[in-house]
Amino acid sequence: MTKAVLGIIGGSGVYDLPGLEDMREERVASPWGEPSDVLRIGRIGETTIAFLPRHGRGHRLSPSDINYRANIDVMKRAGVTDLISVSAVGSFKDEYHPGFFVLVDQYVDRTRKRENSFFSQGCVAHVPMAHPVGPLLRQRIADAALAEDIPFALGGTLVCIEGPQFSTYAESITYKGLGYDVIGMTAMPEAKLAREAEITYATIAMVTDYDCWHPEHDHVDVASVVAVAQQNAAKVARLVARVARDFPAEHEPCPAGSDRALDGAIMTAPSARDPELLKKLDAVARRVLNPSQA
Ligand SMILES: CSC[C@H]1O[C@H](OP(=O)(O)O)[C@H](O)[C@@H]1O
Ligand SMILES: Nc1ncnc2[nH]cnc12
């Protein structure tokens with residue numbers, strides 16, 4: 001049995017998790033560098049929670065400066081099996097108004113400047129990403145949203161841009177025309193790295209604005225994002241608390257294969273693997289590299 005541990009990554013406006021009981025702060029060291037902040041570990045109900053604000057306390061880190069590898073690595077070291085990422089997003093749909101939640105199931109990666117893999121020269125791996133979101137985890141969030149009377153859409157595509165600038169009008173109408181639902185700056189490579197670390201991942205995309213395509217709404221700016229995100233922080237806390245209270249003690253095997261993503265994924269022959277890289281992969285790839293210690 002694998003004990004379920006729920007990780008929460010908070011985005012813009014979500015820098016702590018009210019309701020976290022028996023909370024302690026843990027500075028978890030990572031061979032991948034500095035995570036965004038200390039981990040706050042506690043419990044809600046019987047479920048152990050590890051919380052990390054992605055931009056750090058005080059919002060110190062821009063989307064391009066976040067060390068996504070270190071963040072996912074420390075979550076893995078804390079035993080996280082299931083990770084909920086909270087993100088403020090712009091909307092491409094009239095009906096997805098500010099304050100509305102979208103439980104996306106797809107991402108489009110338009111980032112350019114980020115380390116997007118734990119694997120590289122000396123240990124090459126290719127994990128499947130067709131279904132990046134864990135369907136059972138996403139359904140648990142949907143059930144909790146229903147129980148808490150929080151309006152949401154089940155499914156949708158989030159396009160992740162590099163930022164930090166918001167999009168041009170031409171980009172915005174192009175993304176809308178392509179059928180994308182929401183836009184953010186942080187879901188990638190977070191979702192890819194979670195998959196490599198065999199952590200089941202889902203996003204709560206909290207709509208804060210209509211980006212800049214909507215003829216009847218102001219163009220996005222920081223003030224509007226922050227205002228909506230702050231108004232919605234309590235709703236996020238309520239939703240996460242409900243998910244946690246109803247969470248199973250044992251990790252549920254992921255139908256999308258999140259928790260077995262490294263099976264058969266490593267291409268590099270054992271004799272050709274770089275021992276230094278293998279050391280850094282000790283947490284992320286322990287199940288396949290050191291099964292006796294997993
Ligand atoms: C504050 S506006 C842009 C900022 O908000 C979103 O952050 P997060 O995804 O962490 O909630 C967006 O991705 C940008 O980082
Ligand atoms: N319009 C937008 N574009 C990119 N990231 C965002 N985060 C919140 N709103 C956004």
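# A tour of cavities, ligands and bends

Visitor: Which element gives the most to the lining of the largest cavity?
Guide: We're looking at a predicted model, and the lining takes in residues such as Pro-135, Leu-136 and Leu-137. Those three fall in the range 135–147 and match the 3 residues that make up the top contribution. The element with that range is helix H2.

Visitor: How much space lies in that largest cavity?
Guide: Start with the search of the whole structure, which turns up 1 cavity of 30 Å³ or more. The space in the largest cavity is about 50 Å³.

Visitor: How many charged residues are in the lining of the largest cavity?
Guide: Read through the lining and you'll meet Asp-82 and Glu-252, along with others including Thr-200, His-251 and Cys-254. Asp and Glu count as charged. Next to 5 nonpolar and 3 polar residues, the number of charged ones is 2.

Visitor: On to the ligands! Which side chain has an N or O atom 2.6 Å from an oxygen atom of ligand 1?
Guide: Let's go through the contacts one by one. Ser-87 puts a polar side-chain atom 3.0 Å from a ligand 1 oxygen, while Ala-88 uses a backbone N or O atom at 2.8 Å. Neither of those has the value you're after, but there's another side chain that does. The 2.6 Å pair belongs to Thr-186.

Visitor: How much of ligand 1 does the protein bury?
Guide: Picture ligand 1 on its own: it would expose 390 Å². Now put the protein back around it, with residues such as Gly-11, Pro-63 and Met-185 beside it. The share of that area buried by the protein is 92%.

Visitor: How many charged residues are in the shell around ligand 1?
Guide: The shell holds 5 nonpolar and 6 polar residues. Arg-54 is in the shell too, and Arg counts as charged. The charged tally is 1.

Visitor: What is the largest C-alpha distance among the residues UniProt marks as "binding site"?
Guide: An unreviewed UniProt entry places that feature at Ser-12, Arg-54, His-55, Ser-87, Ala-88 and Thr-186. They're spread over 175 residues of sequence, yet they cluster in space. Their largest C-alpha distance is 12.2 Å.

Visitor: Where does Ser-12 lie?
Guide: Ser-12 is one of the UniProt "binding site" residues, and ligand 1 has it in its surroundings as well. Along the chain, strand E1 covers 5–10 and strand E2 covers 21–26, with Ser-12 falling between them. So to speak, its address is the loop between E1 and E2.

Visitor: Which aspartate has a polar side-chain atom 2.7 Å from a nitrogen atom of ligand 2?
Guide: Ligand 2 has Asp-209 and Asp-211 among the residues around it. Backbone atoms also face ligand 2 nitrogens, at 3.0 Å for Ala-88 and 3.3 Å for Gly-90. The 2.7 Å side-chain contact, though, comes from Asp-211.

Visitor: How much of ligand 2 does the protein bury?
Guide: Its polar contacts include the one with Asp-211. Taken alone, ligand 2 would expose 260 Å². The protein buries a share of 95%.

Visitor: Which strand gives the most to the shell around ligand 2?
Guide: Ala-88, Val-89 and Gly-90 are all in that shell. Their numbers fall within 82–91, the range of one of the strands that give two or more residues. With 3 residues, the top giver is E5.

Visitor: Which helix holds a proline that follows a cis peptide bond?
Guide: One cis bond joins Gly-163 and Pro-164, but Pro-164 sits in a loop between strand E9 and helix H3. Another cis bond runs from Met-188 to Pro-189, with omega near 5 degrees. Pro-189 has its place in helix H4.

Visitor: What is the phi of His-59?
Guide: His-59 is in the loop between strand E4 and helix H1. Its phi is positive even though the residue isn't a glycine. The value is near 50 degrees.

Notes
Residues numbered from 1 in each chain as written. Chains lettered and ligands numbered in written order. Predicted model: local features only at pLDDT ≥ 70, side-chain atom pairs only at ≥ 80, totals over all residues. Heavy atoms only, no water. Near = heavy atom within 4 Å. Polar contact = N/O pair within 3.5 Å; in protein donor to acceptor, adjacent residues only side chain to side chain. Areas by Shrake-Rupley, 256 points an atom, 1.4 Å probe, with all protein chains shown as cover. 1 Å grid on protein atoms, 1.4 Å probe; cavity = no way out; pocket = protein on both sides within 12 Å on 5 of 7 lines; lining within 4 Å. Points joined across faces, edges and corners; volume = space filled by probe spheres on them. Helix = DSSP H or I, 4+ residues; strand = E, 2+ residues; numbered from the N terminus. UniProt positions renumbered as here; feature names shortened; annotations may be inferred.
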